[in-house]
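Me: I'd like to go through this model together, a question at a time. Could you take me through the reasoning as well as the answers?

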Amino acid sequence: LGHSSVPAVRRRLRLRSNAHARRTARSLRKPGSSCSRRNHGRRLEFESLENRLVLASWSGDIPDGTVWTATEVQRIVGTVRVPPGATLTIQPGTIVKTNVFAGISINVEGTLVADGTPTQPIVFTSLRDDSGLDGILSTPDDQDTNADGSSNGNNGEWNRIEFLSGSTGNILDNVQVRFGGAGSLAAVVVNTNGVALTNSVVRNSSTSGVRIQTSNPTLTSNSF
C-alpha cells in the first residue's frame, strides 16, 4: 500500500526593484554576504500560487479502520480493495480521484462508509476532473490536483465502484460518482443486499449509472 504526500502550497519568489527596496537592502546587508550583494536594490516577496490540497496515493488492499479525510485529495493509482472484515470510512467533503484509463476499480468486500452531507458531498471522479465539490469549472472550489490547467473529466475515464457478495453495512449518502463506467456494466455495481445508496448522483458514466445483480440494496432519492 502506497501513501505519499506533496507540499500543500507551492510558492515562488518575485524580485521587484524600487527605491524603498534599495534603502532596505542597504540597511540589512552584511559585508561579505553573497546573498546581500545578489539582492542589492531588490525586495524579496512571497507570492502564493494556487492552493493545492495534499495528495494521498492508494492502491491494493485498504487496512481496516482507514479514514480518508477531506484535508487530502485521495488519489487512486491502482485498483483498491476493501477486504472482508475491513472498513473504509470517507469523511464529508472528501474528493477521491482515480488515474485515467488505468482500468481502476474500487472493490468492496468489507464495508465502505461514505456518509456525506448536502453541502459537503463525497466525490469519486477522474484525475482530470478539476471541478471540485460543486462539479462546476471556474468556481472557487476548483482543484487542479495534477497541475495541467483547468480541465473536466470525460465519460469512462475509470471503471467502477463494485460491492461484492458478502459485503455488508455499506453507506453511500450524498455521494457523487463521475466519469466512470469503463470496462464495466455500470459506474456502480451492486452484488449484495448490504448497500444503502441515498441522496446521491451518478453521472457521466460511459455505460449505466448503477447495475444491481442478484441483490436487493436500498436506493432512495438518487439521480443517474
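Me: Which side chain does D130 meet in a salt bridge?

Reply: Keep in mind that this is a predicted model. D130 sits in the loop between β10 and β11. The N to O distance for its pair is 3.8 Å, and the cut-off for a salt bridge is 4 Å, so the pair counts. The partner is K97.

Me: How many residues apart in sequence are the parts that D130 and K97 tie together?

Reply: D130 belongs to the loop between β10 and β11, while K97 is in strand β7, so the pair ties together parts that are some way along the sequence from each other. The separation is 33 residues.

Me: Is K97 buried or exposed?

Reply: K97 has a relative accessible area of 1%. Buried means under 20%, so K97 falls on that side of the cut-off. D130, its salt-bridge partner, also comes out at 1% relative accessibility and counts as buried. For K97 the word is buried.

Me: What does D130 contact, leaving aside its neighbours within four places in sequence?

Reply: One contact is K97, which is also the salt-bridge partner. Others include L137, Q143, T145, N146, G149, S150 and S151. The list also has acidic residues, among them D142, D144 and D148.

Me: Which residues of strand β7 are buried on each side?

Reply: In a regular strand the side chains alternate between the two faces of the sheet. Strand β7 covers residues 95-98, and both of its faces are covered. On one side the buried residues are I95 and K97, and on the other they are V96 and T98.

Me: Which strands pair with β7, and in which sense?

Reply: Strand β5 (residues 72-82) is joined to β7 by three bridges, with Q74 opposite V96. Strand β10 (residues 122-126) pairs with β7 over four bridges, and there I95 stands opposite V123. So the partners are β5, running parallel, and β10, in the parallel sense.

Me: Which residue forms a salt bridge with D129?

Reply: D129 is in the loop between β10 and β11, and its partner is in strand β13 (residues 175-178), so the pair ties together parts that are 49 residues apart in sequence. The N to O distance is 2.8 Å. Both D129 and its partner are buried. That partner is R178.

Me: How many salt bridges does the structure hold, and which residues are linked in a network of them?

Reply: Side chains of opposite charge can pair when their charged atoms come close. R81 and D61 are one such pair, with the closest N and O atoms 2.9 Å apart. That pair links strand β5 to strand β3 (residues 54-61), 20 residues apart. The structure holds six salt bridges, and the network links D61, R81 and E109.

Me: Are R81 and D61 buried, partly exposed or exposed?

Reply: The middle class lies between the buried limit of 20% and the exposed limit of 50%. R81 has 27% relative accessibility, and D61 has a relative accessible area of 41%. R81 counts as partly exposed, and D61 is partly exposed.

Me: Which residues of β11 are buried, and which strands are joined to β11?

Reply: R160 and E162 on one side and I161 and F163 on the other are all buried. Four parallel bridges lead to strand β8 (residues 105-108), where I106 partners I161. Three more parallel bridges lead to strand β14 (residues 186-190), where V188 partners I161. The joined strands are β8 and β14.

Me: Which strands stand at the edges of the open sheet of six strands?

Reply: The order is β4-β6-β9-β12-β15-β18, with parallel pairing. Each edge strand has a single partner, so one side of each is left without a neighbour in the sheet. The edges are β4 (66-68) and β18 (218-220).

Me: What residues form the nonpolar patch on the surface, and how much accessible area do they have together?

Reply: I212, in strand β17 (residues 208-212), is one member, and at 40% relative accessibility it counts as partly exposed. The patch is I212, L219 and F224, with about 280 Å² together.

Key
Residues are numbered from 1 along each chain as its sequence is written. This is a predicted model: local features need pLDDT of at least 70, side-chain atom pairs count only at pLDDT 80 or more; totals for chains, interfaces and linings use all residues. Side-chain values use heavy atoms; hydrogens and water are left out. Patches are made of residues with over 30% relative accessible area and no salt bridge: like charges are joined within 9 Å, nonpolar side chains (Val, Leu, Ile, Met, Phe, Trp, Tyr) within 5 Å. Accessible areas come from the Shrake-Rupley method with a 1.4 Å probe; for residues, only the protein chains shown count as cover. Helices (H or I, at least four residues) and strands (E, at least two) are DSSP runs, numbered from the N terminus. Buried means under 20% relative accessible area, exposed over 50%, partly exposed in between (1.4 Å probe, protein chains only). Two strands pair if DSSP finds at least two bridges between them. Contact means heavy atoms within 4.5 Å.
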